[in-house]
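I have opened a new structure and want to see what sits next to what. These are my notes as I go through it.

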Amino acid sequence: MAARTDLAADVLVTSRPLDEYCALFDLTRASLAALPGPVLDCPGGAAGLAAEARELGCRVIATDPAYAWPAPELAARALAARAAMAAAMDARPDLYPAPHHRPYDRYLRSWDRARRLFAADSAAHPQQYVAAALPRLPFADDTFALTLSGFLVFAYPELFGPAQQLAALTELVRVTAPDGEVRVHPLNDGAGRRCRHLDGLRRALGERRIASEVRRLPAGSGRLGRVLVLRAADHRPRSAGAGSLRPGGR
């Protein structure tokens, strides 16, 4: 399947490290290491997740339409995303949890490290970086033990209207194992505005036999401190320890 590079051009190619993924998706390194199957990162951007998770014994497949670009263009887009994030943090500090993100330059240095890890890892393990775009992914049903989708489905309402959001979320559940989970963050757009039709979207997911919950992240996560958790309605969530795929926090 050809990746939609037109979509990629409108989305920031971010470079988040493993620790930030854990904070955003209510995970721990131990819970990732305990997973019985691979993780999908959609979109993966220029993140360090796949490289860092490998050290834990966890296999991550990253997918992003930007992976269809030549490596120099992808690197340039990642640098541009870093500059855009710095500007956004200066303009809207209320959207970001102060203890974790200040000083901003220290936080963004973690992006620099993640970007370097991504560049080396994607060159060494290109099979783990797949050029593809929602709402159609080139993976078989029930492939992943955990699927993570950050800063896309709700962050860009101009690209993902309600129908596109429903299609994207349904596709993420399709490629996730029945006893696994999909976690989506944030539930806000880039200006911090919450999705007003989330309840209707969850009802539509329920009609497709997809169970959903909105889980609150730990205190200090700022205004973006909620994650949408999806799973096949006929299966209970897996329990694998603190911060993992657990039934608590509802």
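**Leu40 and the cores**

I started with Leu40 and looked up what touches it in this predicted model. Skipping neighbours within four places in sequence, I found Leu40 in contact with Ile61, Thr63, Leu137, Phe139, Phe144, Leu146, Thr147, Leu148 and Val175.

Leu40 also turns up in the largest nonpolar core, which has 32 residues. Leu40, Leu134, Leu137, Phe154, Leu169 and Leu230 have the most contacts inside that core. Next I looked at which elements feed it: α8 (162-174), β5 (176-185), α9 (198-207) and β7 (226-232) each give two or more residues. The largest share comes from α8, with five residues. Apart from this core I noted another one, of 31 residues, and Leu35, Ala62, Tyr129 and Leu148 are among them.

**Aromatic rings**

How many aromatic pairs does the structure hold? I get six.

I took Phe118 and Tyr129 to begin with, and their pair is edge-to-face, with 5.4 Å centre to centre and 80° between the planes. Phe118 belongs to helix α7 (residues 104-124) and Tyr129 to strand β3 (residues 129-130), so to speak two addresses, eleven residues apart, and the pair links distant parts of the chain. Are Phe118 and Tyr129 buried or exposed? Both are buried. I also see that Tyr67 joins Phe118 and Tyr129 in one aromatic cluster.

Then I checked Phe139 and Phe144, both of which were on my list of Leu40 contacts. Their ring centres are 5.2 Å apart and their planes stand at 90°, so I wrote this pair down as edge-to-face. Phe139 and Phe144 are both buried.

**Charges over rings**

Two arginines caught my eye here. The charged end of Arg16 sits over the ring of Phe151, at 3.9 Å from its centre. Arg77 lies over the face of Trp69, and there the ring centre is at 4.6 Å.

**Helix α2**

Is helix α2 mostly covered or mostly open? It is mostly covered: of the eight residues in α2 (residues 18-25), six are buried. I listed the buried ones as Leu18, Glu20, Tyr21, Cys22, Leu24 and Phe25. Right after α2 comes Asp26, and its phi is positive, near 60°.

**Salt bridges**

I counted salt bridges next and the total comes to 15.

One of them joins Arg82 to Asp112, with the closest N and O atoms 2.7 Å apart. Arg82 lies in helix α5 (residues 71-91) and Asp112 in helix α7, so the pair ties together parts 30 residues apart in sequence. Arg82 has 22% relative accessibility, so I put it down as partly exposed. Asp112 is at 14%, so it counts as buried.

Another joins Arg109 to Asp105, and here the closest N and O atoms are 3.8 Å apart. Both residues are in helix α7, four residues apart, or about one turn of the helix. Arg109 comes out partly exposed because its relative accessibility is 47%. Asp105 is partly exposed too, with a relative accessible area of 45%.

I also looked up Glu213 and Arg215, whose salt bridge has its closest N and O atoms 3.2 Å apart. Are these two buried or exposed? Both Glu213 and Arg215 are buried. Which residues are linked with them in a network of salt bridges? The network is made of Glu181, Arg183, Glu213, Arg215 and Arg231.

**Two single residues**

I finished with a couple of one-off lookups. Arg54 lies in helix α4 (residues 49-54), and its 27% relative accessibility makes it partly exposed. Not counting residues up to four places away in sequence, Arg54 touches Asp121, His125 and Gln128. I also checked Arg54 against Ala33: they are 21 residues apart in sequence, and C-alpha to C-alpha they are 9.1 Å apart in space.

Gly200 is in helix α9, one of the elements I had already noted for the largest core. Gly200 has a relative accessible area of 29%, so it is partly exposed. Its C-alpha atom is separated by 9.2 Å from that of Pro162, which is 38 residues away along the chain.

Notes: Residues numbered from 1 in each chain as written. Predicted model: local features only at pLDDT ≥ 70, side-chain atom pairs only at ≥ 80, totals over all residues. Heavy atoms only, no water. Core = buried A, V, L, I, M, F, W, Y, C linked by side-chain atoms within 4.5 Å. Buried < 20%, exposed > 50% of the residue type's maximum accessible area, 1.4 Å probe, protein only. Contact = heavy atoms within 4.5 Å. Phe/Tyr/Trp six-rings, centres within 6.5 Å; stacked < 30°, edge-to-face > 60°. Lys NZ or Arg CZ within 6 Å of the ring centre and 35° of its normal. Salt bridge = Lys/Arg side-chain N within 4 Å of Asp/Glu carboxyl O.
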